[in-house]
Amino acid sequence: MRKIILALIFVVAAASLAAADTIYLRDGRTVRGTLLGFINGRFVVRVENRYTTYPNATTDPNVARNRANEGEIQYFRPNEVDRIEIDGRALDDARFETKTVQVGLDPNWVDTGVDLRRSEHVQINATGVITAGRTRITPDGVQRTDPSAPLPNGKEGELIGAIGDDPRAPIIELGANREFIADRDGRLYLTANRGSYSDARGGFSVQIRRERDLTALDNNQDSYSRNPTGRGRSRSRQPVQTNPQEVTITVPGTSRGTDTGIDVHAGDPITITATGTVIAGRRLGEVGPDGARSTGIGAIIGTRPVPTAGAGALIAYIRTPTGQLSQAYLIGSQLTTTVPVDGRLILAINDDDYSDNGGSFTVRIRY
């Protein structure tokens, strides 16, 4: 084993002139392809059949099985290997897969054919130009928003992505260069963040680089070999057509955070209306959902969650899947908006002292 590893290091430095990595087996066979790594005590090789030599005729079932598997992933234990020659590259390069896809503005998102795993690190690099009308759009988008785009608050035309064909899956802003960690298992889809596509021409060339999952290869789960073209799947760019749901809850005047029980998704439309009164302390007394006038020490030094809103006003947070709270924002008596981030909707009273509060708001949420 030590001899094999030392020889491997030597030939990496020396860089063979062969057309592919070459594995010389002790039984006299020569296997050529791409050495992907060493896992579970075995060398992992993607074999190229045109570079592989086997006896012309054999009754050995192991050799026959290997011949049938040419062009696929094969595994070799150290005691089967005589020596390995690497074709002019660092062995570490084999740990990464790179795929380039073309992304234009079409009715559907572009299926990259890349299946991601939760917690996987992914690197995106994009170039090119989409011309929409008289506007030239790069992968970083332009300095304006498009309310009809998949991500209304994002830059118009910016390269965006989503994992999975569920239209409620969160949208990832990618731009020209971005590294991100996949938050779920699923197929990667890409598009440009623009509502209209009929006047667009050109496209982005997007390089996707992700670490090769050798464990998955060991279980014959390589995403590229399962579905190298990515055909047969789609994700529509059209808005999700769903039946609105409505919930009514009570938010007490002492609430620092009332869980609505509603999981929201970035970009979803939502309307919140509130009625009733709360007591915002003995000095201010009863106030409505818009709160008292924004005066006093809380407004001066910013001790309330939303310093610019009045004491006692109805406010909201989003608790993200990681448990963090988003920045608080004012709801007041009515607010129609789009959800800023994925998470759980939390409602609260805008105050810095809840000890002398009372009353409650009745809040209707339509989403």
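Asp263 is partly exposed, with a relative accessible area of 48%. Partly exposed here means between the cut-offs for buried (under 20% relative accessible area) and exposed (over 50%), using a 1.4 Å probe and protein chains only. Its salt-bridge partner Arg344 is also partly exposed, at 21%. The N to O distance of this pair is 2.7 Å. A salt bridge is counted when a side-chain nitrogen of Lys or Arg lies within 4 Å of a carboxyl oxygen of Asp or Glu. Asp263 sits in strand S18 (residues 258–264) and Arg344 in strand S24 (residues 343–349), so the bridge ties together parts 81 residues apart in sequence.

The model is predicted: local features need pLDDT of at least 70, side-chain atom pairs count only at pLDDT 80 or more, and totals for chains, interfaces and linings use all residues. Residues are numbered from 1 along each chain as its sequence is written, and side-chain values use heavy atoms, with hydrogens and water left out.

**Overall build**

The protein chain has six helices and 25 strands. Helices (H or I, at least four residues) and strands (E, at least two) are DSSP runs, numbered from the N terminus. Of its 367 residues, 45% count as buried. The accessible surface comes to about 18,900 Å², and 47% of that belongs to carbon and sulfur atoms. These areas come from the Shrake-Rupley method with a 1.4 Å probe; for residues, only the protein chains shown count as cover. Among contacts with a separation of 6 or more, 71% join residues 24 or more positions apart. Contact means heavy atoms within 4.5 Å.

**Salt bridges**

The whole structure holds 15 salt bridges. Three pairs are listed here.

| Pair | Closest N and O atoms |
|---|---|
| Asp115 and Arg187 | 2.6 Å |
| Asp263 and Arg344 | 2.7 Å |
| Arg184 and Asp183 | 3.1 Å |

Asp115 and Arg187 are both buried. Asp115 belongs to strand S7 (residues 110–116) and Arg187 to strand S15 (residues 186–192), so their bridge ties together parts 72 residues apart in sequence. Arg184 is partly exposed at 28% relative accessibility. Asp183 is partly exposed too, at 35%. Elsewhere, Arg144, Glu156, Arg194 and Asp199 are linked in a network of salt bridges.

**Nonpolar cores**

A nonpolar core is a set of buried Ala, Val, Leu, Ile, Met, Phe, Trp, Tyr and Cys residues joined through side-chain atoms within 4.5 Å. The largest has 25 residues. Those with the most contacts inside it are Leu159, Phe180, Leu190, Val206 and Ile208. Two or more residues come from each of strand S6 (96–103), S7, strand S8 (121–132), strand S12 (159–163), S15 and strand S16 (200–211). S8 gives the most, with five residues. Val206 touches Lys99, Thr100, Val101, Val103, Ile124, Asn125, Ala126, Leu159 and Leu190, not counting residues up to four places away in sequence. A second, separate core has 23 residues, including Ile318, Val339, Ile349 and Tyr354.

**Strands S6 and S16**

S6 and S16 pair in the antiparallel sense over eight bridges. Two strands pair if DSSP finds at least two bridges between them. Lys99 has Ile208 in S16 as its bridge partner. In a regular strand the side chains alternate between the two faces of the sheet. On S6, the covered face carries Glu97, Lys99, Val101 and Val103. The uncovered face carries Phe96, Thr98, Thr100 and Gln102.

Arg209 lies in S16. Arg209 is partly exposed, with a relative accessible area of 29%. Its C-alpha atom is 6.8 Å from that of Phe96, although the two residues are 113 apart along the chain. Beyond neighbours within four places in sequence, Arg209 contacts Phe96, Glu97, Thr98, His121, Val122 and Gln123.

**A five-stranded open sheet**

One open sheet has five strands in the order S4-S3-S2-S1-S5, with antiparallel pairing. Strand S4 (73–76) and strand S5 (81–85) stand at the edges with a single partner strand each, so one side of each has no neighbour in the sheet. Neighbouring strands are turned by 45° against each other on average, direction ignored. Axes are lines fitted to C-alpha atoms, for helices over the stretch in contact, and angles run from 0 to 180 degrees between N-to-C directions. Strand S3 (residues 42–47) pairs with S4 over four bridges, in the antiparallel sense. Phe43 has Phe76 in S4 as its bridge partner.
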